[in-house]
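Colleague: Got a minute to go through this one with me? I'd like to start with how the chains meet and then look at some ring pairs.

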Protein chains: 2
Amino acid sequence: MPMAIEDLRQELTGLLGDRGLLTEWTQRRTYESDGLTGYRIVPALVALPEDVQQVVGVVRACARHGVPLVPRGAGTGLSGGALPHADGVLIALSRMRRIVEVDAANQRITVEPGVTNAQVSRAVAEHDLYYAPDPSSQVVCSIGGNVAENSGGAHCLKYGFTTHHVLACEVVLPDGEVVELGGPTLDAPGYDLRGVFVGSEGTLGIVTKVSLRLLRRPDAVRTLVADFPSPSAAGDAVSANIAAGIVPAAVEMMDNLAIQACEADAHAGFTLDAGAALIVELDGPAAECDAAFADVTRLCNENGATSIRIAGDASDRDLIWKGRKAAFAAMGRLSPDYFVQDGVIPRTRLGECLARIDEMAVEAGLRVANVFHAGDGNLHPLVLYTAADPEQAERAETLSRQIAELCVSFGGSLSGEHGIGADKACSMPTMFTADDLAVMDRVRAAFDPHGRCNPDKVFPTPRLCGERPGPYRPHPLESAGVIERM
Amino acid sequence: MPMAIEDLRQELTGLLGDRGLLTEWTQRRTYESDGLTGYRIVPALVALPEDVQQVVGVVRACARHGVPLVPRGAGTGLSGGALPHADGVLIALSRMRRIVEVDAANQRITVEPGVTNAQVSRAVAEHDLYYAPDPSSQVVCSIGGNVAENSGGAHCLKYGFTTHHVLACEVVLPDGEVVELGGPTLDAPGYDLRGVFVGSEGTLGIVTKVSLRLLRRPDAVRTLVADFPSPSAAGDAVSANIAAGIVPAAVEMMDNLAIQACEADAHAGFTLDAGAALIVELDGPAAECDAAFADVTRLCNENGATSIRIAGDASDRDLIWKGRKAAFAAMGRLSPDYFVQDGVIPRTRLGECLARIDEMAVEAGLRVANVFHAGDGNLHPLVLYTAADPEQAERAETLSRQIAELCVSFGGSLSGEHGIGADKACSMPTMFTADDLAVMDRVRAAFDPHGRCNPDKVFPTPRLCGERPGPYRPHPLESAGVIERM
């Protein structure tokens with residue numbers, strides 16, 4: 001154990017007690033990866049603070065000893081944003097899970113970062129309110145992690161991302177200062193640092209309290225599953241609905257491979273031989289839902305739907321969503337291993353892009369399952385492979401990266417909602433110029449001048465990516481020899 | 001003329017030509033104030049660039065000569081954000097008014113900063129699209145200014161502020177670098193610098209191109225004017241509607257003084273002896289509008305509405321909005337001078353706060369007219385006074401600042417949509433701690449390390465505000481002797 005870490009260990013044991021600091025390798029190893037399980041680093045120490053003062057204490061101690069820190073929520077992230085630093089402290093916020101205040105009249109709630117996404121909605125259900133962003137992992141993922149990643153979800157098409165629902169954050173900066181970013185109203189004076197913090201992937205500080213905007217539960221919800229002969233026919237139906245001015249709460253697409261995996265896992269009643277399925281959900285006043293629902297079914301039929309199933313009641317709707325949200329986990333039934341990609345394209349180019357991904361999969365001799373937020377063009381291609389075959393694994397990783405680059409070349413984005421993290425840092429120059437990245441780096445330095453907060457994430461550096469970073473390199477931390485490949 | 005300015009004058013004449021650089025005092029004087037007419041500074045030079053390369057040239061020249069710059073849109077801002085610097089260059093973007101690209105299928109438009117807010121909607125009307133944020137000054141105010149101020153408007157209750165509609169900005173940084181902030185999708189990777197730039201009031205750079213999100217025109221629009229015996233009865237009606245889960249497109253309130261001024265100006269048919277009037281607008285699918293409209297009228301009646309007028313057609317609706325949007329200008333009919341205040345309170349405390357403002361007005365022996373965005377608690381109290389009576393003018397300014405502080409003490413905000421600018425910089429510590437402000441200052445330095453971009457705005461400094469800035473001081477630039485009081 002390096003000297004700085006040994007000093008820190010003693011200091012933090014005094015601050016956090018034995019239960020609040022994990023020092024044994026077997027304990028620390030539990031935190032070696034997040035949802036991006038392909039990469040693992042065992043952190044030097046794991047701190048489990050219980051309140052903001054303990055967070056301040058840990059952060060100040062790290063600052064004094066010059067030790068890097070990595071914040072972690074529930075560890076469900078898919079881009080390695082919470083990948084630990086081998087010589088650093090992993091700060092897990094899972095013990096800070098109090099609901100601080102419910103202000104139902106003003107439709108606001110204040111929570112600690114370890115509260116799960118689903119708990120927020122549960123805490124305000126009695127007031128007929130809910131929290132809109134709904135990542136598939138919502139039962140386990142934490143609000144702190146949602147803030148770090150600017151998490152999305154199926155209903156972001158209508159309701160926006162986490163950043164549109166965070167009113168204010170209490171944040172411990174890398175030097176231990178505690179600041180309040182944002183405020184009780186949506187348009188606070190001064191710079192929108194609330195906005196810059198949301199989605200900063202743990203590089204600007206540690207969120208210790210979050211005020212969220214709540215929405216009133218809609219009067220009515222209508223959900224249907226429409227089967228189509230192919231993803232491109234389903235894509236045309238999506239375009240037709242959007243062009244007709246319909247704003248569904250959610251429009252999700254699954255291709256045949258995804259349908260098979262989801263159905264085997266959740267028995268949601270999906271049609272096993274459909275080329276693609278769309279889940280369309282409408283919500284709002286009952287009168288609006290009914291009128292729009294008629295239009296949606298008509299437009300699906302006009303675009304070649306082979307069958308339309310309407311959710312009979314709330315439990316049927318829950319089953320459909322359970323099927324959809326199980327997609328990533330269920331993929332294990334089709335393939336021992338897979339890469340989850342996350343890119344965005346203009347939704348007008350959906351059919352074209354899916355066809356190109358199909359071609360690329362054939363060229364690479366691999367299967368790609370597609371399950372994604374079709375309404376906002378946020379693709380999640382899953383590249384299936386067998387890790388036991390290293391050559392195939394390498395082909396799969398290359399294909400997955402090529403798909404992300406394809407999204408950028410279509411005028412879209414490297415990432416829709418999973419973040420850049422450790423995974424895509426070297427690909428950032430495909431989307432941003434050197435000047436663009438330099439400004440981000442200066443803003444990072446404004447919060448963290450010594451670069452101690454979640455280092456080696458989000459931004460490319462020559463050390464990690466070589467002089468000319470690009471999308472096809474092996475993971476930078478791997479070649480740097482600091483991580484162990486699964 | 002100081003040496004640096006003389007050198008700059010020669011250099012900029014070469015770059016911009018005689019028509020692109022104003023050097024004569026009579027020409028420069030045209031730019032001495034923005035919509036906050038109480039303060040005036042004649043800039044040393046006025047540059048009128050026609051494209052991004054000219055902006056880069058002016059900014060680089062200012063950087064080389066160490067001369068401050070102040071960007072300006074249409075000059076309609078109400079917080080003195082575009083107040084010139086006496087030794088600096090005012091950069092007016094009014095000649096950059098091209099519509100660069102309309103992408104109707106993806107509901108996006110790209111424009112130069114001098115394009116007016118209303119022109120954006122006109123440019124896409126043929127596609128049945130429009131741009132949602134609608135400040136009262138929308139016919140003349142520019143998109144560049146809207147970005148700088150994160151402008152709101154009557155329909156922000158349902159549709160959000162400028163920041164919710166800006167996808168990307170091309171920005172010239174204070175050192176002349178050109179960067180792209182944001183991207184074509186709403187959740188771009190990296191830090192949300194688009195978000196930090198929107199609302200930065202000209203302190204971080206100059207926007208030279210903006211991509212905006214467009215909305216589809218709603219199927220139906222329903223507008224009513226409900227009269228009430230008092231603002232607090234009208235406030236109760238607002239609360240009842242929001243509590244019932246209705247999300248109107250707009251809920252505007254005018255008190256009796258505001259009604260009288262608006263009616264005299266616009267002849268919109270407002271009831272002259274009503275204690276208060278609410279304008280409620282619903283939009284969306286016709287079925288939704290009709291259902292919600294029945295609820296709104298019922299809830300207004302239950303809360304004491306004395307009469308309800310429903311707009312008969314589009315021209316009647318336009319007349320109602322013309323009346324409302326004329327409010328500030330129309331106030332001149334009731335009083336030779338007035339201060340426009342802009343604060344936010346939680347909408348659940350509307351009645352309580354209005355009652356307190358009434359008491360404060362009586363104590364100060366002044367009249368206060370209220371016209372505001374009731375749905376989101378964004379007050380615009382207008383403090384009426386006669387500038388010819390300096391003692392009364394001072395009382396009016398004090399009352400106006402006390403009202404802003406009252407909003408903060410109610411758990412609200414110093415400013416809703418007009419910005420901090422020169423006007424409220426010294427009041428920022430009433431809302432933010434020293435640590436909060438220090439982080440903002442470091443972010444400012446990340447963009448503008450030499451503090452040359454719109455200096456003396458937004459943030460308090462000991463030079464401007466003394467060692468202990470607070471809400472009741474005279475305008476800082478006035479005591480510093482650099483501005484002439486109107």
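Modeller: Sure, we'll take the interface, then the aromatic rings. Keep in mind that this is a predicted model.

Colleague: OK, how many residues does each chain bring to the contact?

Modeller: Chain B brings 62 residues and chain A brings 62 residues.

Colleague: And how much area do chain B and chain A bury between them?

Modeller: About 5000 Å², with 60% of it on carbon and sulfur atoms. On the chain B side, Asp187(B), Pro189(B) and Tyr191(B) supply 16% of the area that chain B buries against chain A, which is more than any other three residues.

Colleague: How many salt bridges are there between chain B and chain A?

Modeller: The count is 0. For polar contact, the rule finds 8 residue pairs across the interface, both partners at pLDDT 80 or more.

Colleague: Which helices and strands of chain B each supply at least two residues to the side that touches chain A?

Modeller: Strand S10 (178–182) does, along with helices H7 (193–197), H8 (231–243), H10 (286–302) and H15 (434–447) of chain B. H15(B) gives the most, with 9 residues.

Colleague: What's the make-up of that side, nonpolar, polar and charged?

Modeller: The residues of chain B that touch chain A split into 32 nonpolar, 17 polar and 13 charged.

Colleague: Changing topic: how many aromatic pairs over all chains?

Modeller: The rule gives 4. One of them is Phe339(A) with Tyr385(A): the ring centres are 4.7 Å apart and the planes are at 15°.

Colleague: Why does the pair of Phe339(A) and Tyr385(A) count as stacked?

Modeller: Because the planes are at 15°, and under 30 degrees counts as stacked.

Colleague: Where do Phe339(A) and Tyr385(A) lie in the chain?

Modeller: Phe339(A) is in strand S17 (residues 337–340) and Tyr385(A) in strand S21 (residues 381–385) of chain A, so the pair ties together parts that are 46 residues apart in sequence.

Colleague: Are Phe339(A) and Tyr385(A) buried or exposed?

Modeller: Phe339(A) is buried, at 15% relative accessible area, and Tyr385(A) counts as buried too, at 10%.

Colleague: What about the rings of Phe339(B) and Tyr385(B)?

Modeller: Their centres are 4.7 Å apart and their planes at 15°, so that pair is stacked. Phe339(B) is in strand S17 and Tyr385(B) in strand S21 of chain B, 46 residues apart.

Colleague: And the relative accessible area of Phe339(B) and the relative accessibility of Tyr385(B), what are they?

Modeller: Phe339(B) has 16% and is buried. Tyr385(B) is at 11%, which counts as buried.

How values were computed
Residues numbered from 1 in each chain as written. Chains lettered and ligands numbered in written order. Predicted model: local features only at pLDDT ≥ 70, side-chain atom pairs only at ≥ 80, totals over all residues. Heavy atoms only, no water. Contact = heavy atoms within 4.5 Å. Buried area = accessible area lost by both parts, 1.4 Å probe. Salt bridge = Lys/Arg side-chain N within 4 Å of Asp/Glu carboxyl O. Polar contact = N/O pair within 3.5 Å; in protein donor to acceptor, adjacent residues only side chain to side chain. Helix = DSSP H or I, 4+ residues; strand = E, 2+ residues; numbered from the N terminus. Nonpolar A, V, L, I, M, F, W, Y, C, P; charged D, E, K, R; others polar. Phe/Tyr/Trp six-rings, centres within 6.5 Å; stacked < 30°, edge-to-face > 60°. Buried < 20%, exposed > 50% of the residue type's maximum accessible area, 1.4 Å probe, protein only.
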